[in-house]
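Me: I should like a close look at one part of this chain, set in the context of its surroundings. Please explain any technical terms as they arise.

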Amino acid sequence: MTLHILSASPHAGPSFDLCRRALAPGDTLLLLCDGVYAALQDGACAQQLDALAAATVAVYAIGDDCVARGISGRLLPVVRATDYPGFVDLACRHPRSVSWF
């Protein structure tokens with residue numbers, strides 16, 4: 001059970017694809033900073049995130065980062081909004097974490 005923390009935009013390089021390939025059932029993906037763009041309903045990553053959620057990967061996004069980028073009303077239904085205290089809770093619940101930039 002690993003917490004994967006993606007802070008890079010999925011359009012800024014290979015981080016999203018590399019992260020996606022490393023995710024396993026039972027892992028959690030947390031999107032923050034520009035990584036929240038992966039959570040867009042009409043975005044290029046929508047199908048991949050839906051498939052991850054179907055494979056029992058929990059997907060979260062930092063709500064404040066979504067608000068700051070004007071996308072909070074356009075997130076995929078499989079993405080759960082959380083805050084920075086929620087981030088800490090996720091980090092405490094997972095024995096390992098990996099950051100993707």
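How many of the residues of strand β1 (residues 2-6) are buried?

Reply: Five of the five residues of β1 are buried, so that the strand is mostly covered; buried here means under 20% relative accessible area, exposed over 50% and partly exposed in between, with a 1.4 Å probe and protein chains only. This is a predicted model, in which local features need pLDDT of at least 70 and side-chain atom pairs pLDDT 80 or more, whereas totals for chains, interfaces and linings use all residues. Residues are numbered from 1 along each chain as its sequence is written, and side-chain values use heavy atoms, without hydrogens or water.

The side chains of β1 alternate in direction. Thr-2, His-4 and Leu-6 point one way from the strand, and Leu-3 and Ile-5 point the other way. Both groups are buried. For comparison with the chain as a whole, 47% of the 101 residues count as buried.

β1 has two strand partners, and in each case the pairing is parallel; strands pair if DSSP finds at least two bridges between them. With strand β5 (residues 96-100), β1 shares five bridges. Within that pairing, Leu-6 of β1 has Trp-100 of β5 as its bridge partner. With strand β2 (residues 28-31), β1 shares four bridges, and here Leu-3 is partnered by Thr-28. The path from β1 to β2 passes through helix α1 (residues 15-22), and this β-α-β crossover is right-handed: with the strands pointing away from the viewer, the path over the helix to the second strand runs clockwise.

A comparable arrangement is found further along the chain. Strand β3 (residues 58-62) and strand β4 (residues 79-82) run parallel and are joined by four bridges. Ile-62 has Thr-82 in β4 as its bridge partner. Together with helix α3 (residues 63-68), β3 and β4 make a β-α-β unit that is right-handed.

These elements belong to an alternating order. The chain contains four helices and five strands (DSSP runs of H or I with at least four residues, and of E with at least two, respectively). From the N terminus on, they follow one another as β-α-β-α-β-α-β-α-β. Along the principal axes, the C-alpha atoms of the chain fill a box of roughly 30 × 25 × 25 Å. Among contacts (heavy atoms within 4.5 Å) with a separation of 6 or more, 77% are accounted for by residues 24 or more positions apart.

Two loop residues merit attention on account of their backbone angles. Cys-33, in the loop between β2 and α2 (46-54), has phi near 50°, a positive value in a residue other than glycine. Its relative accessibility is 31%, so Cys-33 counts as partly exposed. Thr-56 lies in the loop between α2 and β3 and likewise is not a glycine, yet has a positive phi of about 65°. Thr-56 has a relative accessibility of 52% and therefore counts as exposed.

To return to the part in question: β1 is a strand with five of its five residues buried, joined in the parallel sense to β5 over five bridges and to β2 over four.
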